[in-house]
Amino acid sequence: MDFVTGEVLGIDKPLGWTSFDAVKRIRGAVQRRLGVRKFKVGHAGTLDPLATGVLIICTGRATRRIDELQAGRKEYVAVMRLGATTPSYDLEKEIDATYPYEHVTREMILATLPRFTGHIMQVPPVFSAVKVDGRRAYLSARKGQDVELAAKPLVIDEFELLDFDGRDMRLRIVCSKGTYIRALARDLGQALGSGAHLIELRRTAVGPITVDRCLSVDQAVEMIARTPLELPEEWLAEHPLPAPKEAQHPAPAGAPLKSQDITTP
C-alpha cells in the first residue's frame, strides 16, 4: 500500500464511535507501520456517534480528494419512531414531547414521502455543526441559547418505505451532501400529524463505495500492519523505515536462544 501517494479506505464505523475516533485509530496504525510520529489522515463526510456504516478515510495525498468524495450521493437506511420528539431529533437527547400516532397508516406514509423527494429545503438541527456567526450551532444549543438556522437546499433522490409496524418506520434514503436524516424524521413526523425522531441510522453507501465492501476498524488496522508497503523513493529518503526489531537488538554471539527466537516453517 502507498499511504503517501494516498489510499482511500472504506470503513464500517461502529456504533458509539465518532468519525474522529475511527480516523485516530487508522492514523495510529499508519504511523506505526511507517515509523513516523505525524501523518495526514482524514475522513470524507462525518457520521454521528449513533450512526453506523460507510466512513471514507483518506491517507496522505489522497486527503486532497476529501471534498470530491464527500460530494457523492449517499444512501441510508433509517428507523424513525412516531409519537415522540427530542431536541436533537434522535436518541442523543431525552424525549421532550409525545403525540398521537395511531392514526398513521402505511398508505399515509406512502402518500407523504413524495413531498420530501426531489429538490427540497431543510432546516438543519440546532444540535449540529452548522455555523451561525462563526460559531457551531450545537455549542449555543447546549447552553440553552436560541439558535435560528436558515433552510438549505438539498436533493432527495429516493425516499422509500421498507417496513412499518404501526409506530416505527424503516426507510431507505438516497440523498445529496448536507442532508440531515434526523431533520427528515422531524419533518416527516410533522407531515403525518404526529412527532417523530430517529432511533437507528446506517449509511449503506457513499458514491460507489458500499457498506458490504467496507472493512471493520480492526480489519483495517490488521491489513495496514500486514500489507507490504509501496512508498515513493523521495519520501523514503526523508523518512527511512525503521530497521526490523531483530536487527535493532541482535543477540550476542554464543548467547542461548530464547523460545520466542525460534521459528518453525
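**Close-up views of a predicted protein chain**

**Figure 1. The whole chain, seen through its surface and its fold.** About 14,900 Å² of the protein chain is exposed, and carbon and sulfur atoms supply 52% of that area. The model shown here is predicted, with a pLDDT that averages 87 over the chain and reaches at least 70 for 84% of the residues. Eight helices and 13 strands make up its secondary structure. Of the 265 residues, 44% are buried. If you like contact maps, here is a handy number: among contacts between residues at least 6 apart in sequence, 71% join residues at least 24 apart.

**Figure 2. Helix α5 and its cover.** Let us start with the helix itself: α5 is mostly covered, with nine of its 11 residues buried. Among them are Ile-181, Ala-183, Leu-184, Ala-185 and Leu-188, along with the charged-type names Arg-182, Arg-186 and Asp-187. What covers these buried residues? The cover includes the strands β4 (74–82), β7 (118–122), β10 (152–164), β11 (168–175) and β12 (196–206), as well as the helix α3 (106–112). Just after α5, look for Gly-193, whose phi is positive at about 75 degrees.

**Figure 3. Arg-186 within α5.** Zooming in, we find Arg-186 in helix α5, which spans residues 181–191. Is this arginine, Arg-186, buried or exposed? Arg-186 is buried, because its relative accessible area is 13%, under the 20% cut-off. Setting aside residues up to four places away in sequence, Arg-186 touches Tyr-89, Gln-122, Val-123, Pro-124 and Ala-196.

**Figure 4. Thr-63 in its loop.** This view moves to the loop between β3 (51–59) and α2 (66–70), where Thr-63 is found. With a relative accessible area of 15%, Thr-63 counts as buried. A polar atom of the Thr-63 side chain lies 2.7 Å from the backbone oxygen of Gly-60. Beyond its neighbours within four places in sequence, Thr-63 is in contact with Lys-40, Val-41, Gly-42 and Cys-58.

**Figure 5. A nonpolar patch on the surface.** Three leucines, Leu-15, Leu-50 and Leu-91, form this patch, and together they have about 290 Å² of accessible area. Leu-91 sits in the loop between β5 (84–85) and β6 (97–98).

**Figure 6. Residues 247–265, a stretch to read with care.** Over residues 247–265 the pLDDT stays under 50. For this stretch the model has three contacts beyond four places in sequence.

How values were computed: Residues are numbered from 1 along each chain as its sequence is written. This is a predicted model: local features need pLDDT of at least 70, side-chain atom pairs count only at pLDDT 80 or more; totals for chains, interfaces and linings use all residues. Side-chain values use heavy atoms; hydrogens and water are left out. Helices (H or I, at least four residues) and strands (E, at least two) are DSSP runs, numbered from the N terminus. Buried means under 20% relative accessible area, exposed over 50%, partly exposed in between (1.4 Å probe, protein chains only). A polar contact is a pair of N or O atoms within 3.5 Å; within protein, one must be able to donate a hydrogen and the other to accept it, and residues adjacent in sequence count only if both atoms are side-chain atoms. Contact means heavy atoms within 4.5 Å. pLDDT is the predictor's confidence in each residue, from 0 to 100. Patches are made of residues with over 30% relative accessible area and no salt bridge: like charges are joined within 9 Å, nonpolar side chains (Val, Leu, Ile, Met, Phe, Trp, Tyr) within 5 Å. Accessible areas come from the Shrake-Rupley method with a 1.4 Å probe; for residues, only the protein chains shown count as cover. A salt bridge is a side-chain nitrogen of Lys or Arg within 4 Å of a carboxyl oxygen of Asp or Glu.
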